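Open the model in your viewer and keep the selection panel at hand. The tour goes from one stop to the next, and each stop says what to select.

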There are 2 protein chains.
Amino acid sequence: MAPLADFYQLTMAYGHWRAGRHRAPAAAELFFRRGPFGGALALAAGLAEGLRGLRAFRFSAADVAYLRSVLPSTTEDAFFDYLATLDASEVTVTAVPEGSVIFARVPFLQVKGPLLVVQLLETTLLCLVNYASLVATNAARFRLLAGPDMKLMEIGLRRAQGPDGALSASKYSYIGGFDCTSNVLAGKLYGIPVRGTIAHSFIMSFTSLEEVRPRELPPLAGGEPVDLPSLAERWLRRVCELLRTPPEKANQGELAAFVSYAVTFPQDFQGLLDTYCVRSFQVPWFETIPIAVSNDISEQSLEEFSRQGSEIDMIGVGTNLVTCPLQPSLGCVYKLVEVNGSPCLKLTEDEEKMTIPGTKTIYRLYDAAGHPFMDLMALEEEPSPSAGQELAVRVLGQLGETSKVVPTTVEPLHRTYFRDGQVCEPLPSLMEVKNHAQVSLSLLSPAHRRLHEPQPYPVAVTEKLHHLLTELRQASQ
Amino acid sequence: MAPLADFYQLTMAYGHWRAGRHRAPAAAELFFRRGPFGGALALAAGLAEGLRGLRAFRFSAADVAYLRSVLPSTTEDAFFDYLATLDASEVTVTAVPEGSVIFARVPFLQVKGPLLVVQLLETTLLCLVNYASLVATNAARFRLLAGPDMKLMEIGLRRAQGPDGALSASKYSYIGGFDCTSNVLAGKLYGIPVRGTIAHSFIMSFTSLEEVRPRELPPLAGGEPVDLPSLAERWLRRVCELLRTPPEKANQGELAAFVSYAVTFPQDFQGLLDTYCVRSFQVPWFETIPIAVSNDISEQSLEEFSRQGSEIDMIGVGTNLVTCPLQPSLGCVYKLVEVNGSPCLKLTEDEEKMTIPGTKTIYRLYDAAGHPFMDLMALEEEPSPSAGQELAVRVLGQLGETSKVVPTTVEPLHRTYFRDGQVCEPLPSLMEVKNHAQVSLSLLSPAHRRLHEPQPYPVAVTEKLHHLLTELRQASQ
């Protein structure tokens, strides 16, 4: 399998190779520029898959033959021989643990290695991390809106970008806070709980109660079997009285379908309302039946359910979860920050698109209440800030002035996950990642966690890193 | 590999099996309800993959064991034995040829077979057809906006739902009218032309012209090799004079990167403008260099380029192509239309969500100018309408009145693609599908093809089908 690469990674690789710079030591960082969906936070996801991509990174003979057929005929043979020898054995990757809360402009994955390989890994890592983090974040938002008790089910299989897009959606929605999925394959591959009831097609396939077979069901408490269709008809009359509706108005096929379903799953009956009216849950018996809804649920409709305190106890979310229509891309970027020991700077008129040069250590600073209040980027050679000691920092967006902060706790955010061609840190299970995400979210102050118009989370650089930035900017003007 | 299924397909399957209806002959149709992106048309895509899914449709021993672990413990053993015997050998599929223009509410895929299998195939087919058709349609819109000569390149690998989402995006964008992709794997697997130039990271990795190696290039016309960095400096001074800008303002690293790239690819130089200003293409030499742009291109920015007639000759589209932000899901549905010889009707207050009952033949009617002017659904047992003869039809949305039409040509839209467990019609190559899509689009009248506020394309039913619909609606009231 050819590396997941954009073709320009290969033309650039050839450029570096021809200029004899392919083995220059280089470092790159992966981050996003703006909090998604109007919030401040995102969840880092896709790390384990990214590491698998790194471990598998090499060009097979067939890949090299293919590249030979598409690169210009002037490309030197020796370059292809060199490609065939490449792997990620000289690459080191540090990252925040999968499931961690992350913020705009803070690198959550760093790659070091030979320039050519660091360059080639750009698309691989972006492809595996971008959507994973986006959909995990989207799921986390639905979870924050729904509260801890509502069951959330991912039902996006038919709306995703094909089978594997759907698998990613199921996996990363689960990490972000969903309880289960409709996707049988995701259940089988990842052990995510699967749920499901019936669809319209089941209802449409019935026309009358006579089609219900078998008809009898023994009561759970023991005793004579009961004829369920007849029982259903008696209850229907009572419900119709309550609703002041003639029983003939009830659709017989629908009734038959639900009765047949109840006979088939006597202990696992789950009511489903797809095309429903939110105001209509006024029938007292509903309280004892689990009700699921699934009609084009969005953040907004979920908010409405939460406000109204309805009897619903499971919500299925499909399109609005997996396609992330509020923002269909997290827009992660992967930027070179150092080549041959020299820090790189991307110059642009757009302050937000400016990169922060140099290889860095990232710290998260916590206040006395245990809330993180700032992420801090320092140059790698700087000593770690100390808990309880005053720090002079420059906050991005207000670089002109120095701010003083005193962290109660200082946490280095990154761990080294990949070194010498191997994953060198034990990877947590899906359930552990999911739990870590909820813990990471719960540590945030409510003002930063807020889904809309959150308090901006400050991201800062040390005075020394700020000095380097200023120097490089002046030198290039 | 377990079938691509939502879990409720399995609970419903058990319901049908327990009621002894699993082998009841059934028919289902796949269609969308509203033209995507505000247009009238879509392109049908994903058929070949859907057929592959059908051929591979079966439950392995591991799948059955997994299902046994997740279905309720009351599920009968014999049901699992039955699942293990299933395949698509009794299924017949008809469809419009891949790449055809299709319209809302007209079934573009029909499935017949035993009820349980027809039910189980719902998610498989939706998953494989939904996104494929959506992104092909999105690509077709970019092509219609760009005109026939502009090169369009798909660059969405890093923004898609993981590697396979990206492969689908590359394949179906190509079908919809794109010329090439940045996705190396899509190039290798599908033979789609790949293109690419350089990225910011390449530019950022250079700091001065001294890093350019090798420096010399022999002119194409023959003669002494030229020192390219020196030549570039001389030209830079001339360009700066023209732009009235001091040469010191040109970034030396950027200059070095482009010169190095030109030395590396002497015959394939492709200018790239990522972060650019549309008004700035006023340098006369630009006319002789192919220029590509790729900065967050949307339908709107493409329209601007077309209006201004700029020197750009290649446009790369990523996020706005592959994630389809204007409408991230086509919303295809798969509805039962007949069970046991009885037509099914989905009753709903929402007229748009009503289904058309019965198994049908679909015709496209053409006018004397060769434009399709109506799609017509007839019951399967009805004789085909005849070219040149007046037809009485009912147009959806105005079912109360009869319309008379006289088609110059009548085309049956569907072909039988799958029967007896086999694909029974030769499948066209990707290039043939791509060409068919352009032909299918070109036949449309401009009023129907228009991207915004198109003239609604009429979809009609025969008088006989209308009669059946009325009967079923009355019977169920």
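## Stop 1: Asp6(B)

Select Asp6(B): this residue is buried, with a relative accessible area of 4%. Bear in mind that this is a predicted model. Asp6(B) sits in the segment before α1 of chain B.

Now show the neighbours. Leaving out residues up to four places away in sequence, Asp6(B) touches Leu157(A), Arg158(A), Ser182(A), Asn183(A), Val184(A) and Thr123(B). Two of these deserve a distance label. Draw one from the side chain of Asp6(B) to that of Ser182(A): a polar contact of 2.4 Å joins them. Draw another to the side chain of Thr123(B), where the polar contact is 3.0 Å.

## Stop 2: both chains

Zoom out and colour by chain. How are the two copies related? A turn of 180 degrees, with a shift of 0.0 Å along the axis, lays chain B on chain A with an RMSD of 0.0 Å. That is the relation of a two-fold axis. The same surface serves both copies, as 100% of the contact residues of chain B recur in chain A.

## Stop 3: the interface

Select the residues of each chain that contact the other. You should pick up 95 residues of chain B in contact with 95 residues of chain A. How much area do the two chains bury between them? The value is about 8200 Å², and 61% of it is on carbon and sulfur atoms. On the chain B side, pick Arg158(B), Gln161(B) and Met204(B). These three lose the most area to chain A, together 11% of what that side buries.

Next, turn on polar contacts between the chains. There are 29 residue pairs in polar contact between chain B and chain A, with both residues at pLDDT 80 or more. Then select helix α1 (residues 7–18) of chain B. Helix α1 of chain B gives the most to the side that touches chain A, with 10 residues. Colour that side of chain B by residue class: 46 residues are nonpolar, 33 polar and 16 charged.

## Stop 4: salt bridges between the chains

Side chains of opposite charge can pair when their charged atoms come close. Eight salt bridges are counted between chain B and chain A. Visit two of them.

Start with Lys188(B) and Asp63(A). Their side chains meet in a salt bridge of 2.6 Å, N to O. Lys188(B) lies in helix α7 (residues 184–190) of chain B and Asp63(A) in helix α3 (residues 61–70) of chain A, so the pair joins two chains. Which partner is buried, and which is partly exposed? Lys188(B) counts as partly exposed, at 28% relative accessibility. Asp63(A) counts as buried, at 1%.

Move on to Arg158(B), one of the residues picked at the interface. Arg158(B) forms a salt bridge with Glu122(A), and the closest N and O atoms are 2.9 Å apart. This pair also crosses between chains. Arg158(B) is in the loop between β6 (151–154) and α6 (162–176) of chain B, while Glu122(A) is in helix α5 (residues 115–146) of chain A. Arg158(B) and Glu122(A) are both buried. Add Asp6(A) to the selection: salt bridges that share partners join Asp6(A), Glu122(A) and Arg158(B) into one network.

## Stop 5: a salt bridge within chain A

Over all chains, a search of the whole structure finds 32 salt bridges. For one inside a single chain, select Lys360(A) and Glu29(A). Their closest N and O atoms are 2.5 Å apart. Where in chain A do the partners lie? Lys360(A) is in strand β15 (residues 360–366) and Glu29(A) is in strand β1 (residues 25–31). The pair links distant parts of the chain, 331 residues apart. Lys360(A) counts as buried at 2% relative accessibility. Glu29(A) is buried too, with a relative accessible area of 4%.

## Stop 6: chain A as a whole

Hide chain B and show chain A as a cartoon. Chain A has 15 helices and 22 strands. Its C-alpha trace spans about 85 × 60 × 40 Å along the principal axes. Of the 477 residues in chain A, 58% are buried. Finish with the contacts in chain A that have a separation of 6 or more: residues 24 or more positions apart account for 70% of them.

Conventions
Residues numbered from 1 in each chain as written. Chains lettered and ligands numbered in written order. Heavy atoms only, no water. Least-squares fit on C-alpha atoms with pLDDT ≥ 70 in both. Contact = heavy atoms within 4.5 Å. Buried area = accessible area lost by both parts, 1.4 Å probe. Salt bridge = Lys/Arg side-chain N within 4 Å of Asp/Glu carboxyl O. Polar contact = N/O pair within 3.5 Å; in protein donor to acceptor, adjacent residues only side chain to side chain. Helix = DSSP H or I, 4+ residues; strand = E, 2+ residues; numbered from the N terminus. Nonpolar A, V, L, I, M, F, W, Y, C, P; charged D, E, K, R; others polar. Buried < 20%, exposed > 50% of the residue type's maximum accessible area, 1.4 Å probe, protein only.
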